[in-house]
Amino acid sequence: LKVNPNVKSKRFSKKVALITVKTNLNGTIKVPVANDKALFLKQFLRQILITPVIKSVELDMTVGPASATLNSNYMHFDNVSHPLSPQNVLVTSNATIPNFIPLYDFLLSQNAPGTTIPISTFYNGYYILFFFSDDGGSLNTSHVYRGLNGLSQPTKNTMLVFASANDATATHEFIHTANLPHSFSAYEASKFAKFTYEPHFTDNI
């Protein structure tokens with residue numbers, strides 16, 4: 001086990017596009033606050049020897065054709081904890097639904113604010129982090145919805161963070177995007193965990 005000191009010379013710099021998504025899903029405009037999110041991201045990533053170089057922008061999804069698509073297709077829970085109608089299939093992870101569009105692909109296809117270039121192209125080489133002030137979730141292959149704090153898509157260097165997230169969620173998803181899984185986890189939480197905690201075993205960490 002090699003432990004490096006947390007000093008400037010040992011840290012790596014990573015470019016991060018922090019994109020707050022302005023929405024109007026239920027007749028109420030919501031805009032995440034970027035400053036506090038950038039502060040926590042810097043604080044936690046520096047603990048693992050990463051210095052994020054953050055560019056913060058707002059993606060306005062309250063106007064235009066893309067706004068109408070988002071409003072009519074975004075899947076989340078309503079106030080009585082039931083999923084919205086089945087035709088709402090713009091969610092965060094793949095499911096066997098006709099015309100299914102993952103939310104991260106939809107967002108990456110939008111033009112970067114102030115440009116006519118898709119976000120995926122404009123921020124090539126960045127870790128792209130979308131923040132919502134709305135709840136979000138995913139559908140499994142049985143079309144069962146579950147709420148999520150956040151989601152990562154390592155092949156696209158993209159993360160989504162929702163309203164239920166805590167201060168550490170963005171960093172948690174960032175590390176997943178860097179291809180670190182839940183290495184240590186109870187089997188009930190992740191059957192794919194490489195190491196599983198078991199009570200009363202001497203090789204637990």
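In this predicted model, the axes of helix H1 (residues 34-46) and helix H5 approach to within 9 Å and cross at roughly 55 degrees. Two packed helices are described by the angle between their axes and the distance between the axes. With that angle, H1 and H5 are oblique to each other, and their crossing is right-handed. From H1, the residues Phe 40, Leu 41, Phe 44 and Leu 45 meet Ala 170, Thr 171 and Phe 174 of H5. Sorted by character, the residues of this contact comprise six nonpolar and one polar, with no charged residue.

It helps to place these two helices within the fold. The secondary structure of the protein amounts to five helices and seven strands, and along the sequence the pattern reads β-α-β-α-α-α-β-β-β-β-β-α. Of the 205 residues in the protein, 39% are buried. Among contacts with a separation of 6 or more, 57% are accounted for by residues 24 or more positions apart.

Phe 174, already met in the contact with H1, also takes part in the aromatic pairing. Across the whole structure, a search finds five aromatic pairs. One of them, formed by Phe 122 and Tyr 123, is edge-to-face, with 4.9 Å from centre to centre and 85 degrees between the planes. The two partners can be told apart by their accessibility: Phe 122 is partly exposed, at a relative accessible area of 32%, whereas Tyr 123 is buried, at 2%. In the pair of Tyr 127 and Phe 174, the ring centres lie 4.6 Å apart and the planes stand at 40 degrees, so this pair is tilted. Distant parts of the chain are linked by this pair, since Tyr 127 belongs to strand E3 (residues 127-131) and Phe 174 to helix H5 (residues 169-177), 47 residues apart. Tyr 127 counts as buried, with a relative accessibility of 14%, and Phe 174 likewise counts as buried, with a value of 2%. Phe 174 thus joins a ring pair with Tyr 127 and a helix contact with H1. Elsewhere, ring pairs connect Phe 122, Tyr 123 and Tyr 126 into a cluster.

Helix H5 offers a further point of interest in Thr 169, which is found in this helix. Thr 169 is buried, at a relative accessible area of 6%, which falls under the 20% limit for that class. Beyond its neighbours within four places in sequence, Thr 169 is in contact with Asn 149, Gly 150 and Val 161. For one of these partners, Gly 150, the C-alpha to C-alpha distance from Thr 169 is 6.6 Å, while the two residues are 19 residues apart in sequence.

Strands E6 and E7 bring the account to a backbone feature. The loop between strand E6 (150-153) and strand E7 (158-161) holds Asn 157. The phi angle of Asn 157 is near 50 degrees, a positive value in a residue other than glycine. At a relative accessibility of 25%, Asn 157 counts as partly exposed.

How values were computed. Residues numbered from 1 in each chain as written. Predicted model: local features only at pLDDT ≥ 70, side-chain atom pairs only at ≥ 80, totals over all residues. Heavy atoms only, no water. Phe/Tyr/Trp six-rings, centres within 6.5 Å; stacked < 30°, edge-to-face > 60°. Buried < 20%, exposed > 50% of the residue type's maximum accessible area, 1.4 Å probe, protein only. Helix = DSSP H or I, 4+ residues; strand = E, 2+ residues; numbered from the N terminus. Axes fitted to C-alpha atoms, helices over the stretch in contact; angles between N-to-C directions. Parallel < 35°, antiparallel > 145°, perpendicular 65-115°, else oblique. Left-handed = near helix turned anticlockwise from the far one by under 90°. Contact = heavy atoms within 4.5 Å. Nonpolar A, V, L, I, M, F, W, Y, C, P; charged D, E, K, R; others polar.
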